[in-house]
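I opened this model to keep a short record of what I looked up. My entries follow in the order I made them.

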Amino acid sequence: MREELLKILNELRPEIEFEKETALIDGGVLDSFDIVALVGDLNDAFDININIEDLLPENFNTVDAMLELITKLQGEE
Amino acid sequence: MLRNVLEYLEYWAEKDPQKPLFGDVKETLSRGEVRDFARRVGTALSQRLSGATGKPVAVLADRSLRPLLAFLGAVYSGNFYVPIDRQMPLGRIQVMLETLQPAAILGQRQDESLLGQLSEWPKKYFLEELLETEPKEALLKEILGNRLDTDPLYAIFTSGSTGAPKGVLVSHRSVIDLADQFREEFGFCEDCVFGNQAPFDFDVSVKDIYSALKNGASLYVIPKTMFSFPTKLIDYMNEKKITSVIWAVSALRILENLDVLSQKKPLWLRHVMFSGETMPVRVLNYWRTHLPDPLYVNLYGPTEITCNCTFFKVEGEFREGELLPVGRPFKNTGVFLLEDGKEVKEPGMLGEICVKGTCLALGYYNNPEKTAEAFCQNPFNKSYPERIYRTGDLGKYDREGRLIFVSRRDYQIKHQGHRIELGEIEAAAFALPAVKACACVYDRGQEVICLFYEGENPCDKEILRELGKKLPRYMLPGRLEYRKQLPVNKNGKIDRTALSREL
């Protein structure tokens, strides 16, 4: 799952080293356009449905946080 | 007669000083407080600049209400302000300052290291420090008394095709006219609450600022991150009772993309107005379905004619694939279509959209060549000087006589609501040693800027990293394509048409 997520992220913003970032949102690395694109990609790739309650900065600040969110949503399916 | 936008502030601060004027997530300031703070900044600036007037004051802007105090302070000092996004790459900020030759640069404490890097400019001040100055009312009154309504109020930079951004210089008169037309046409009044989405270096925000000031309304600055996390956005809008939004199309589209309105709704909205790029009918229909009550208005116009020259109050149904009209001109604004030296009037025929009237900007600051190209003599008037602005946009009339925006004439695009000259991206990429040749093509379907480049080896990451130091984020190519050799046409120029076909 991690590899697939990293692949999506690298396609979105190839110049960023995602594994090293700890504040993707709070540090302003990803903007709202990235989030919109990312949410669509994640929904498709992992067959989940990220709704606006899940759209919180803390769920997207790191790769680990995103993985945690995906796992949680897959459990709910 | 009103000559200066400060007269709005003076009037309302006198009438009812307690009412909130500007707010953000951290603080809210009343009319009286805004006036006091702006007067302090004005006094301090005038003293530090030895009374100089009519000069540019660059303001490093963030997404708080503080830059507004700096803007109004610069105006109190008899100068004009130039908003510069503090998150712009340093290289681009320097190019802008080079063009401006600012009399002063204003920042906040948070900008200390950035200001330190701008070493060639001696007059740099912290807003916090200027706010400690006691206002000198007599001095400010004298400065204001000597101002003309044709004096510049602000300059806002837009992308330039040769690589250097252009500073569009706008007078008080044009902004006063804009605020008058918006009030009359859309019924803005004292109980409007504006939710400001557009950054201050983007002229969409001019409508928020001066509609709030003119009408004695309130303005709340919405932080950028809220658009990624819409639960907070809607809560904030409801907490501040936002009635009116004048947003970039891209902001409305984000809420549609994330399907926010079916889960949570803004409760106080009366005006939903948008501009910056063509509004997709799908997005508009989504908003109208979930929020049927507000007035929806499509606005059109480039920065050079002070925000907008035409409007369309949405009525009737539109189907996906249909083009939303940009409508008809505001009062006191002339708009016509020009093709081959003739005016186009019949429906369906294309022409370049041209504008005349009070709304025309004064020109591009310190750039007489570009000014002369874009602001020229009305070709139908041989009798006296009358300027028109040629927008470079192609338009046509529909059967009801409403104006429709069709496309750009040149290499300029609209991407994420920003006006971008593809030439500026090419110039930045071409300056990199690894790039031998390059061409930018916009994929309208996917909304991606694609940079084709030629060089020894593919080096996408390096190019993006280097471009990120010179260009704002929204100008970075979303896709890079390496070619050992780029195709050329018979004139020896890079063949963009062939490249577009490869998208």
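**Entry 1: the contact between the chains**

I began where the chains meet, and I counted 19 residues of chain B in contact with 15 residues of chain A. The model is a predicted one. I then asked which helices of chain B each supply at least two residues of the side that touches chain A. They are helix 10 (230-239), helix 11 (249-257) and helix 15 (460-470). Helix 15 of chain B gives the largest share of that side, five residues. By character, the residues on this side of chain B are seven nonpolar, seven polar and five charged.

**Entry 2: chain B as a whole**

Next I looked at the overall build. Chain B holds 16 helices and 27 strands. Its radius of gyration is 23 Å, close to the 23 Å that the globule rule gives for 503 residues, so chain B is as compact as a globular protein of that length. Along the principal axes, the C-alpha atoms of chain B fill a box of roughly 70 × 60 × 55 Å. I found that 48% of the 503 residues of chain B count as buried. I also checked contacts in chain B between residues at least 6 apart in sequence; 67% of these join residues at least 24 apart.

The domain assignment splits chain B into domain 1 (7-147), domain 2 (333-408) and domain 3 (412-502). I noted 34 Å between the C-alpha centres of domain 1 and domain 2 of chain B.

**Entry 3: the cores**

Which residues have the most contacts inside the largest nonpolar core? They are Val41(B), Val57(B), Val59(B) and Tyr81(B), in a core of 148 residues. Helix 3 (residues 66-76) of chain B gives the most to this core, eight residues. Domain 1 (7-147) and domain 2 (333-408) of chain B both contribute residues, so the core lies between them. There is also a second, separate core of 22 residues, which includes Leu422(B), Ile425(B), Ala429(B) and Val441(B).

I followed Val41(B) further. Leaving out residues up to four places away in sequence, Val41(B) touches Leu69(B), Ala70(B), Gly73(B), Tyr76(B), Leu127(B), Leu130(B) and Leu131(B).

**Entry 4: Gly73(B)**

Gly73(B) was on that list, and I looked it up next. Gly73(B) sits in helix 3 of chain B. Is Gly73(B) buried or exposed? It is buried, with 28 other C-beta atoms within 10 Å. With the same sequence neighbours of up to four places left out, Gly73(B) touches Ala38(B), Val41(B), Gly42(B), Leu45(B) and Leu130(B). I also took the C-alpha separation of Gly73(B) and Arg35(B), which are 38 residues apart along the chain, and it came to 8.9 Å.

**Entry 5: helix 14 and the hairpin**

I turned to helix 14 (residues 422-430) of chain B. Its buried residues are Leu422(B), Glu424(B), Ile425(B), Glu426(B), Ala428(B) and Ala429(B). They pack against strand 23 (412-415), strand 24 (418-421), strand 25, strand 26 and helix 15 of chain B.

Strand 25 (residues 437-443) of chain B is mostly covered, with five of its seven residues buried. Strand 25 pairs with strand 26 (residues 448-454) of chain B in the antiparallel sense, over seven bridges. Asp443(B) has Val448(B), in strand 26, as its bridge partner. The two strands, 25 and 26, form a hairpin with four residues between them. In the turn, I noted a positive phi of about 55° at Glu447(B).

Definitions and conventions
Residues are numbered from 1 along each chain as its sequence is written. Chains are lettered from A and ligands numbered from 1 in the order in which they are written. This is a predicted model: local features need pLDDT of at least 70, side-chain atom pairs count only at pLDDT 80 or more; totals for chains, interfaces and linings use all residues. Domain bounds come from an automatic or database domain assignment. The radius of gyration is taken over C-alpha atoms; the globule rule is 2.2 Å times the number of residues to the power 0.38. A residue is buried if 20 or more other C-beta atoms lie within 10 Å of its own, exposed if 12 or fewer, and partly exposed in between; C-beta atoms are placed from the backbone. Two residues are in contact if their C-beta atoms, placed from the backbone, lie within 7 Å. A nonpolar core is a set of buried Ala, Val, Leu, Ile, Met, Phe, Trp, Tyr and Cys residues joined through C-beta atoms within 7 Å. Ala, Val, Leu, Ile, Met, Phe, Trp, Tyr, Cys and Pro count as nonpolar, Asp, Glu, Lys and Arg as charged, and the others, Gly among them, as polar. Two strands pair if DSSP finds at least two bridges between them.
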